[in-house]
Amino acid sequence: MDLELILSIKDTMIMVLIPTICALLIGIPLGSILYLSKKGSIKENMWIYIPVNVYINVVRSFPFLIFVVVLIPLTRLVFGTAFGLLPASFPICFVAVALYARFVEQSFHDVDTGVIDAALSMKATTFQIIWHFLLVESRSSLVLGLTSAIISFISYSTVMGIVGGGGIGDYAMRYGYYEYNYELVYKVVLIMIFIVFVIQFLGTYISNKLNKKRRDF
């Protein structure tokens, strides 16, 4: 494996790691807000729910390449440039937050309402309901959702060569497709498949462990 390929894999991992962190730090609170503020929920507030829901729907439905282009002025404002590894991660972060927030909301919906009723009967605060009940009860599902989200981030990162983000997708295009070296393209595809299989295996393994641990309580 040549050095250029190794560096491209490293760039891809960075472009995936940053959005994953954003998904966890922002997506979970945003998903929690969606769940708690929806109609009929314990903290119903449509003034909060509607804008957050619209943001998530718009970002998720936007064609990603066009979204990257539309976000260039904001990316340039934040980073001083729209090209490079870190600026390339910026649009993926927006999608990551929206994507995982929806996963979180759906996972919370699967939690037995009896758990919420028990929390309310114990006079638990909103934070305690989220931290000690919703997150605990849905942790297995949340891990599976994060696993699927990370695999999507990898897919998004492969097109970030258009803004100089590098990565394994850009490597395949520059040294494979443009130079008619299809053997290299197939090699990159196999590497990507292997990476996805590893991530899916780890995600499923951790999810099953957490699910088993919850059932053993």
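**A walk along helix α5**

Guide: Welcome! Y100 and F103 sit 3 residues apart in helix α5, about one turn of the helix. Please keep in mind that this model is predicted.

Visitor: What kind of aromatic pair do Y100 and F103 form?

Guide: A pair of aromatic rings is described by the distance of the centres and the angle of the planes. For Y100 and F103 the centres are 6.5 Å apart and the planes make an angle of 55°. Planes over 60 degrees apart would count as edge-to-face and those under 30 as stacked, so the pair of Y100 and F103 is tilted.

Visitor: Is Y100 buried or exposed?

Guide: Its relative accessible area is 2%. Buried means under 20%, so Y100 counts as buried.

Visitor: And what does F103 count as?

Guide: The relative accessibility of F103 is 25%. That value lies between the 20% limit for buried and the 50% limit for exposed, so F103 counts as partly exposed.

Visitor: Which element gives the largest share of the largest nonpolar core?

Guide: This core has 61 residues, and Y100, L134, F153, M160 and V188 touch the most other members. Elements giving two or more residues to the core include α1, α7 and α9. The largest share, 13 residues, comes from α5.

Visitor: M160 was on that list. Which residues is M160 in contact with, leaving aside its neighbours within four places in sequence?

Guide: M160 also lines the largest cavity, as do V68, A88 and P91. Those three are among the contacts of M160 as well. The full set is M15, F64, V68, A88, P91, I92, G165 and G166.

Visitor: How much space lies in the largest cavity?

Guide: Rolling a probe the size of a water molecule over the atoms shows where empty space is left. A search of the whole structure finds 1 cavity of 30 Å³ or more. The space in the largest cavity is about 40 Å³.

Visitor: Which element gives the most to the lining of the largest cavity?

Guide: The lining divides into 8 nonpolar residues, 1 polar and no charged. Two helices, α4 and α5, each supply at least two residues of the lining. With 3 residues, the one that gives the most is α5.

Visitor: Back to the rings: which residues do ring pairs link into a cluster?

Guide: F90 and F94 both lie in helix α5, 4 residues apart. F90 is buried at 17% relative accessible area, while F94 is partly exposed at 22%. Ring pairs link into a cluster the residues F62, F67, F79, F90 and F94.

Terms used:
Residues numbered from 1 in each chain as written. Predicted model: local features only at pLDDT ≥ 70, side-chain atom pairs only at ≥ 80, totals over all residues. Heavy atoms only, no water. Buried < 20%, exposed > 50% of the residue type's maximum accessible area, 1.4 Å probe, protein only. Phe/Tyr/Trp six-rings, centres within 6.5 Å; stacked < 30°, edge-to-face > 60°. Core = buried A, V, L, I, M, F, W, Y, C linked by side-chain atoms within 4.5 Å. Contact = heavy atoms within 4.5 Å. 1 Å grid on protein atoms, 1.4 Å probe; cavity = no way out; pocket = protein on both sides within 12 Å on 5 of 7 lines; lining within 4 Å. Points joined across faces, edges and corners; volume = space filled by probe spheres on them. Nonpolar A, V, L, I, M, F, W, Y, C, P; charged D, E, K, R; others polar.
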